[in-house]
Amino acid sequence: MKQCNANRLQKLIELFSEYGKTENNGVTRLSLSAEDIAARKKFQELCEEMELTVNYDDMGNMYATLPGKQNLPPIVIGSHLDSVIKGGRFDGVLGVLTALEAVNTIKDENIELDYPITIVNFTNEEGARFEPSLMSSGVLSGKFDKTKMMASTDKNGISFAKALNESGFEGPETNRLQEASAYIELHIEQGPVLERKKLDIGVVVGVLGMVCYEISVYGESNHAGTTPIGMRKDPMFTAANIIADMQKQLQRMDSELVYTIGRINAYPNIHTVIPSQVTFTLEARHQNPGVIAEVSRMVEGLPGILSDCSIKSTRLWDRDTVHFDEEVVNAVEYSCKELGYKENRMFSGAGHDAQFIASYIPSAMIFVPSVNGYSHREDELTSYEDCAKGANVLLNAVLKLCREKVNK
């Protein structure tokens with residue numbers, strides 16, 4: 001089994017953590033911002049130093065390719081360089097940098113492969129500047145309409161199309177990732193499971209399905225001091241009762257179900273005024289579509305009127321559970337075992353580019369532990385040792401796939 005250069009990988013991580021570095025050692029590197037463009041230029045510079053061919057497509061996705069001995073569809077590895085506001089130094093970027101290190105090791109050891117290896121940096125994975133998240137992989141996979149994505153604007157009214165055009169990273173549609181032999185994305189877990197179970201690697205077999213609802217409760221606004229309790233139509237207390245009852249029902253459904261009341265707004269949101277409306281979201285995730293359907297039945301079964309308040313639920317969006325390719329998953333798992341790492345098959349609760357790419361390319365993911373399960377925050381942390389272990393698994397999974405596919 002091959003080993004990556006752990007010291008070189010650490011220096012890469014430290015180098016890229018400077019692009020958009022925040023006061024508390026995090027990163028703000030919004031898609032196509034000055035910080036992201038600087039990181040992209042450094043990534044391209046490093047790839048060209050390794051004599052890789054670098055191209056961009058019409059969504060700004062970057063592809064750096066090490067040629068193979070045969071004209072075969074490449075094995076693609078990578079993730080994204082953009083971050084959320086005051087995010088961490090590992091989310092997304094680690095997948096790109098471990099891919100870079102894996103290819104560097106292949107070149108160092110003069111390993112000749114029949115398959116080309118392509119490192120990808122997907123544009124606007126986070127959706128923190130331009131909504132939605134997973135924008136470019138969504139366009140590549142046909143999940144999102146390109147025209148709509150180009151019209152997406154940031155808080156300053158700048159469109160994605162304008163930012164992309166001015167970035168210097170806009171290429172032709174013909175450069176898009178259209179065909180590949182496999183795709184592997186390494187990522188931090190962004191959760192506590194691996195650390196709690198003292199595991200080295202998560203072998204990701206898919207991405208959980210989910211559903212998100214917005215629930216609005218309508219009452220009657222009035223003065224907070226002069227309206228007797230018994231004469232009120234107060235949507236806040238009604239909403240609180242609905243949420244408490246929902247929690248009891250959700251807890252009974254399945255121990256693996258995760259659910260969140262992530263947003264709640266009151267109108268007019270003044271402390272001296274009884275609200276006229278309270279709106280909140282419920283998001284639920286599970287691998288079994290039957291459990292998700294049970295959540296939907298619960299929400300859609302809410303009464304139209306409760307405690308003199310009217311109730312309306314709207315299904316905002318959903319996604320089906322994505323199952324990754326068994327051959328690619330097996331290559332990741334085999335590499336873990338051969339390297340002597342403690343691993344476990346698991347689903348991802350968070351969304352990743354791999355879930356869209358998997359719709360047309362055999363895909364899988366590798367998770368490395370997140371300290372305390374923290375992510376999307378400045379104190380996000382994965383040890384350099386765990387980063388190196390992930391890089392080793394990625395490298396050997398790629399080599400195994402190359403051997404197996406050639407021998408078929």
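The largest pocket of this predicted model is lined by 31 residues. Those lying nearest its centre are Ser 133, Leu 134, Trp 317, Arg 319 and Gly 351. Three elements each give two or more residues to this lining: strand S12, which spans 277-286, strand S14, which spans 309-319, and helix H11, which spans 353-357. Of these, S14 provides the largest share, with 4 residues. The space in the largest pocket amounts to about 990 Å³.

The chemical character of this lining may be considered next. Its residues divide into 11 nonpolar, 10 polar and 10 charged.

Attention may now turn to the second largest pocket, which holds about 590 Å³ of space. Its lining is made up of 19 residues, and Leu 208, Val 258, Phe 347, Ser 348 and Gly 349 are those nearest the centre. Two elements give two or more residues to this lining, namely S12 and strand S16, the latter covering 343-348. The largest share comes from S16, which contributes 5 residues. By class, the lining of the second largest pocket has 8 nonpolar, 7 polar and 4 charged residues.

The two pockets may finally be viewed together through the elements that line them. Strand S12 is among the elements giving two or more residues to the largest pocket, and S12 is likewise listed for the second largest pocket. The largest share of the lining, however, comes from S14 in the largest pocket and from S16 in the second largest pocket.

Technical notes. Residues numbered from 1 in each chain as written. Predicted model: local features only at pLDDT ≥ 70, side-chain atom pairs only at ≥ 80, totals over all residues. Heavy atoms only, no water. 1 Å grid on protein atoms, 1.4 Å probe; cavity = no way out; pocket = protein on both sides within 12 Å on 5 of 7 lines; lining within 4 Å. Points joined across faces, edges and corners; volume = space filled by probe spheres on them. Nonpolar A, V, L, I, M, F, W, Y, C, P; charged D, E, K, R; others polar.
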